[in-house]
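Colleague: I'm new to this structure and would like a close look at one small sheet, please. After that, walk me on to its surroundings in whatever order you like.

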Amino acid sequence: MPGLEAEVFDMATAIVRPGFDASRPINLGGADFTEHKYDWYRWLLEEAPVCEGKISVLKIGLVARYEDCRLVLTDKRFVRSRGRARGKGSSNPLPIPMPKSVAVIARSMIYEDDPEHRRLRNLVNKVFTSRAVEKLSDRVEEISHELLDDLGEQNQIDILERYARPVPSRVITEMMGLRKEDVAPFQHAFGVLTKGMSGLRILRTLLWDLRAIDKFVRELIAQKRVAPSDDILSALIQAEEEGDRLSENELVAMVFLLIVAGFETTLHLITNGVRTLLEHPDQLARLRAEPELWDSAVEEIVRHRGPVHGTKPQYPTEDVTLHGHTLKRGTPVMPLLGAANHDPRVFEKPDEFDIARSPNHHLGFGFGMHFCLGAQLARMETRVALRNLFDRNPNLRLAVDPSQLKLAAVPGWHRHASLPIALS
Ligand code: HEM
């Protein structure tokens, strides 16, 4: 679609800004895209539903509309494994050479197709039941109240660091059954990992930090083999499906996946939820008056300002042409979940935040066989964390003007660098 410039963009609700141009790859990590994501999405949905983007130097096909995202995530012509799409078997899942320790971690089920994916998912499904999640809800209540007690009378705080981060981080360490003395090193190690995945830090993270964490996880597995307890890691070690078990490397990859997929996501959903509710005082007042709407409110936060805006790449096994744009065999394609969740073809008044929206079949937890394994846990953690925060702090408000809030420039994500709030 060469030459589609902002001038041809004519939607009543749209903010026309210069810079929209589908003849050049859209830089998903660029400051302009990060700061004006929802303007871009509105434009993509109407004018460039399939186009080319880039993440750093890597070119990637982008798909914006709801139905097209679902197609890319379910149509047999698209696969997850890069090697398979290129007819090379499932080798390196990433388009860059990797050290061995990284390769092990990157071989998790999120990069696999069936039957390998189904095998790994069945084994983890056995331990990740809704009963196991339900059992945790009392603990999440306690953790949330302890953290809120600690905030005490302080006025201005960064709610991301002081509350949204520790809630899921403590939940995941308890789920993994870490000993008290292991919690701090564990949190430090994974903090380094998740903070180090941008800019020049990536290299250090890939070559050094990951190796250290790999060692840490293997030691943890060794401890649990000797002394299993009532936790997810022990259950994963013992999980068996028709005589099949997870190998040591698969266990390491699974632990990484559960921690990275379960921790960064939830922390940013809680943070985005705080901001969204504070920016919609009418909806917050309604929620306070009708607390039975909390479940539906969390669902709407995931749709309206969910943290995950793109899945892992899907690869076409043949050239696929959509809306006149050809997605070439073997090249990465990213369904833009954040755009799809604002597609007016599916959602009435998509840019409105409506805590009672129904139906609300958003794609914020993905779609198809890689649909989020932890969706139930994430919903429960977020509901408990937000509800307690707002119930205990009736005067909660943003401590800065919204124009001062900074989003982190991480492709495929919608996350804040910090969120300063005042408690009273
Ligand atoms: C706000 C919270 C969360 C959001 C928005 C979220 C979102 C997503 C999305 C969009 C996918 C699909 C990715 C893709 O297709 O490439 C996914 C997959 C996954 N999520 Fe979540 N997630 C959240 C929380 C969690 C939690 C708490 C856990 C577990 C502790 C978890 C574990 C996983 C796993 C294991 C997968 C891969 C499933 C597979 O490959 O079959 N997620 N998540």
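Modeller: Let's begin where strand 5 and strand 11 (residues 420-422) pair in the antiparallel sense over three bridges. Two strands count as paired if DSSP finds at least two bridges between them. Within this pairing, Asp158 stands opposite Pro420 in strand 11. The sheet is open and has three strands, in the order 5-11-10, with antiparallel pairing. Strand 5 (156-158) and strand 10 (397-398) are its edges: each has a single partner strand, so one side of each has no neighbour in the sheet.

Please keep in mind that this is a predicted model: local features need pLDDT of at least 70 and side-chain atom pairs pLDDT 80 or more, while totals for chains, interfaces and linings use all residues. Residue numbers start from 1 along each chain as its sequence is written.

Stepping back, the protein has 17 helices and eleven strands, which are DSSP runs numbered from the N terminus (H or I, at least four residues; E, at least two). Of its 424 residues, 39% are buried, that is, with 20 or more other C-beta atoms, placed from the backbone, within 10 Å of their own.

Helix 3 (residues 66-74) is a nice place to see burial. Its buried residues are Tyr66, Asp68, Cys69, Val72 and Leu73. Looking down the axis of helix 3, these fall within an arc of 165 degrees, so they line one face of the helix. The cover over them includes strand 2 (50-55), strand 3 (58-63), strand 4 (78-79), strand 7 (320-322), strand 9 (333-335) and helix 16 (337-340).

Now for the nonpolar cores, sets of buried Ala, Val, Leu, Ile, Met, Phe, Trp, Tyr and Cys joined through C-beta atoms within 7 Å. The largest has 64 residues, of which Leu236, Met254, Val255, Ile270 and Val274 touch the most other members. Helix 13 (residues 248-278) provides the largest share of this core, 15 residues. Leaving aside residues up to four places away in sequence, Leu236 touches Val124, Val127, Leu246, Leu251 and Met254, where touching means C-beta atoms within 7 Å. A second, separate core has 36 residues, among them Ala48, Val72, Phe78 and Ala85.

Helix 13 turns up again at the ligand, where it gives the most to the surrounding shell, seven residues. Helix 17 (375-392) also supplies at least two residues of that shell.

Definitions and conventions. Buried ≥ 20, exposed ≤ 12 C-beta atoms within 10 Å, placed from the backbone. Contact = placed C-beta atoms within 7 Å. Arc of directions from axis to C-beta.
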